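Trainee: I have a structure open on my screen and would like to learn how to read it. Could you take me through it one feature at a time?

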Amino acid sequence: MNPPDDIHWVRHVNGRWLVRESLREDASAYLDHLAATDPARLREVCRRAHVLVGGHPGEDPKPWFYAGLFSLATMAEAERYLRGHDFTIACIPRFAETDLGSLRVEELAADSADKIRRVKTALEAMDR
């Protein structure tokens, strides 16, 4: 699949999913921001989101999707577009231990903590 298809797919999926609070709108604004400022990174994060979702059939795709989508965000972008999206923040290795989110893996139910660990591991593997 070529990058423009990934971008179209990500925009389509983000636009139709029911998600908590303003995650859909924040993700859409982030995509618009990347389209205007860093098209290469836009292509890469859309590819990552698509790959992560495709690699975990049968699971709720949203944690994989949004973690992949925001995986290359800068701290300033995370502060702008991820505030209040604690689960997604916890899934992204470089943001998990910041003051952006209030979720602590050790305080979660085992299945939620396991999901965060698996998403983080997948993102770390993409970064190698």
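Mentor: Gladly. Let's start with a single residue: L103 sits in the loop between α7 and α8. Keep in mind throughout that this is a predicted model.

Trainee: Is L103 buried or exposed?

Mentor: The general idea is to look at relative accessible area: under 20% is buried, over 50% is exposed, and the range in between is partly exposed. L103 has a relative accessible area of 23%, so this loop residue counts as partly exposed.

Trainee: Which residues does L103 touch, not counting those up to four places away in sequence?

Mentor: Contact here means heavy atoms within 4.5 Å. By that test L103 touches D86, F87, A90, L108 and I116. Take D86 as an example: D86 and L103 are 17 residues apart in sequence, yet their C-alpha atoms are 5.7 Å apart in space.

Trainee: Now the whole fold, please. How many helices and strands are there in the chain?

Mentor: Eight helices and zero strands. Reading from the N terminus, the order is simply α-α-α-α-α-α-α-α. The radius of gyration is 14 Å, close to the 14 Å that the globule rule gives for 128 residues, so the chain is as compact as a globular protein of that length. For a sense of its dimensions, the C-alpha trace spans about 40 × 30 × 30 Å along the principal axes.

Trainee: What share of the residues counts as buried?

Mentor: Of the 128 residues, 43% count as buried. You can look at the outside as well: the accessible surface comes to about 6,700 Å², and carbon and sulfur atoms make up 52% of that.

Trainee: And what share of the contacts comes from residues 24 or more positions apart?

Mentor: Among contacts with a separation of 6 or more, such residues account for 58%.

Trainee: How should I read the length of a helix?

Mentor: Compare the distance between its end C-alpha atoms with the span expected at 1.5 Å a residue. Helix α8, residues 110-127, has 18 residues and reaches 26 Å, close to the 26 Å expected. For the 16 residues of α3 the expected span is 22 Å, and the end C-alpha atoms are 23 Å apart, which agrees.

Trainee: Which residues of α8 are buried?

Mentor: They are A113, K115, I116, V119, K120, A122 and L123. Notice that two lysines, K115 and K120, are in that set. The buried residues of α8 pack against α3, α4, α6 and α7. One residue of α8 to set beside them is S112, which counts as partly exposed at 26% relative accessibility.

Trainee: How much of α4 is covered?

Mentor: Mostly covered is the right description, since eight of its nine residues are buried. These are P63, W64, F65, Y66, A67, G68, L69 and F70.

Trainee: Where is T88, and which residues is T88 in contact with beyond its neighbours within four places in sequence?

Mentor: T88 is in helix α6. Its contacts are L23, Y66, A67, F70 and L82. You have just met Y66, A67 and F70 as buried residues of α4. T88 itself counts as buried, with a relative accessibility of 7%.

Trainee: Could we finish with another buried residue?

Mentor: Try L34 in helix α2, residues 23-37. Its relative accessibility is 0%, so L34 counts as buried. Leaving aside neighbours within four places in sequence, L34 is in contact with P39, R41, L42, V45 and E77. V45 is eleven residues from L34 in sequence, and the two C-alpha atoms are 9.6 Å apart. R41, L42 and V45 are also among the buried residues of α3.

Trainee: And how far apart are the mean positions of the positive and negative charges?

Mentor: The chain has 18 positive and 21 negative charges, and their mean positions are 3 Å apart.

Methods:
Residues numbered from 1 in each chain as written. Predicted model: local features only at pLDDT ≥ 70, side-chain atom pairs only at ≥ 80, totals over all residues. Heavy atoms only, no water. Rg over C-alpha atoms; globule rule 2.2 N^0.38 Å. Buried < 20%, exposed > 50% of the residue type's maximum accessible area, 1.4 Å probe, protein only. Areas by Shrake-Rupley, 256 points an atom, 1.4 Å probe, with all protein chains shown as cover. Lys, Arg positive; Asp, Glu negative; His and termini not counted. Charge placed at Lys NZ, Arg CZ, Asp CG, Glu CD. Expected span 1.5 Å × (residues − 1).
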